[in-house]
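Here are my notes for anyone opening this one for the first time. Have the structure up beside the text and go point by point.

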Amino acid sequence: MTLWQDILNYSAKPIVYNTFGKEADFVKASFGMRERIENLKWARDHCDGQFRVVITVAEDLKAKRRKIADSFPQDRMIMRLIKLDEQTGEFFAEMI
């Protein structure tokens, strides 16, 4: 799963990723939204909610349609989906 670096909360214990109310415009406009929802549902239904992470860094954090400046896999970061809104694509996950 691709996660935006600026939305990861490293100060929380465990580390969390919470898009509820945070990604509104640029995520809803995303071409990959439907695929992301399907991938999260798959993780929830077949993998106990667990998924591996690729972190992406935005060129411009305020852009309505973000572009990726950089991305890198996090081999030791495994997240577990806690909550998913299948209509909006918003989700909450924590590192295990």
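The points below start with the sheet and end with a few backbone oddities.

1. First, a word on what you're looking at: this is a predicted model. Please keep that in mind throughout.

2. Start with the sheet. Six strands make it up, and it is open, with mixed pairing. Reading across, the order is β1-β4-β5-β6-β3-β2. The edges are β1 (2-4) and β2 (8-9), each of which pairs on one side only. As general background, strands in a sheet pair through backbone hydrogen bonds, in either a parallel or an antiparallel way.

3. Now go to β5, which covers residues 68-84. On one side, nine bridges link β5 to β4 (residues 50-58), and the two run antiparallel. If you want a spot to click on, Ile55 sits opposite Phe72 of β5.

4. β5 also pairs with β6 (residues 91-95), again antiparallel, through five bridges. Two partners are handy for finding your way along this pairing: Arg80 has Glu94 of β6 as its bridge partner, and Leu81 faces Ala93 of β6. The two strands make a hairpin with six residues between them. In that turn, look at Gly89, whose phi is positive at about 85 degrees.

5. Moving on from β6, you reach β3. Three bridges hold β3 and β6 together in an antiparallel arrangement. Glu94 turns up again here, since Val16 stands opposite Glu94 in β6. A general reminder for tracing any of this: side chains in a regular strand alternate between the two faces of the sheet.

6. What lies across β4, β5 and β6? Helix α2 does, spanning residues 33-46. The helix runs at about 50 degrees to β5.

7. Next, the inside. The largest nonpolar core counts 18 residues. Leu3, Leu8, Tyr17, Phe51, Val53, Met79 and Phe91 have the most contacts inside this core. β1, α2, β4, β5 and β6 each give two or more residues to the core, so it's worth colouring by element here. In soluble globular proteins generally, nonpolar side chains tend to be buried together.

8. Met79 deserves a closer look. Ignoring neighbours within four places in sequence, the contacts of Met79 include Leu3, Leu8, Tyr17, Phe51 and Val53. Ala93, Glu94 and Met95 are also among them, as are Gly49 and Gln50.

9. How many aromatic pairs does the structure hold? Two. In one of them, the ring centres of Tyr17 and Phe91 are 5.4 Å apart with the planes at 35 degrees, so this pair counts as tilted. Tyr17 belongs to β3 (residues 16-18) and Phe91 to β6, so the pair ties together parts 74 residues apart in sequence. Tyr17 and Phe91 are both buried.

10. The other pair is Phe51 with Phe91: centres 6.5 Å apart and planes at 75 degrees, so edge-to-face. Phe51 is in β4 and Phe91 in β6, so here the parts tied together are 40 residues apart in sequence. Phe51 is buried, as is Phe91. Put together, Tyr17, Phe51 and Phe91 form one aromatic cluster.

11. Two charged side chains sit over rings. Arg66 lies over the face of Trp4, 4.8 Å from the ring centre. Lys83 does likewise over Phe20, at 4.9 Å from the ring centre.

12. Is Asp75 buried or exposed? Asp75 is part of β5, yet it is exposed because its relative accessible area of 63% is over the 50% cut-off. Asp75 is 23 residues from Arg52 in sequence, while their C-alpha atoms are 7.5 Å apart in space.

13. Finally, the backbone oddities. Lys13 and Pro14 are joined by a cis peptide bond, with omega of about 0 degrees. You'll find Pro14 in the loop between β2 and β3. The other spot to check is Asp48, in the loop between α2 and β4. Its phi is near 55 degrees, a positive value in a residue other than glycine. Asp48 counts as exposed, because its relative accessibility is 53% and the cut-off for that class is over 50%.

Methods: Residues are numbered from 1 along each chain as its sequence is written. This is a predicted model: local features need pLDDT of at least 70, side-chain atom pairs count only at pLDDT 80 or more; totals for chains, interfaces and linings use all residues. Side-chain values use heavy atoms; hydrogens and water are left out. Two strands pair if DSSP finds at least two bridges between them. Helices (H or I, at least four residues) and strands (E, at least two) are DSSP runs, numbered from the N terminus. Contact means heavy atoms within 4.5 Å. Axes are lines fitted to C-alpha atoms, for helices over the stretch in contact, and angles run from 0 to 180 degrees between N-to-C directions. A nonpolar core is a set of buried Ala, Val, Leu, Ile, Met, Phe, Trp, Tyr and Cys residues joined through side-chain atoms within 4.5 Å. Buried means under 20% relative accessible area, exposed over 50%, partly exposed in between (1.4 Å probe, protein chains only). Rings of Phe, Tyr and Trp (its six-membered ring) pair if their centres lie within 6.5 Å; planes under 30 degrees apart count as stacked, over 60 as edge-to-face and the rest as tilted. A charge sits over a ring if NZ of Lys or CZ of Arg is within 6 Å of the ring centre and within 35 degrees of the ring normal.
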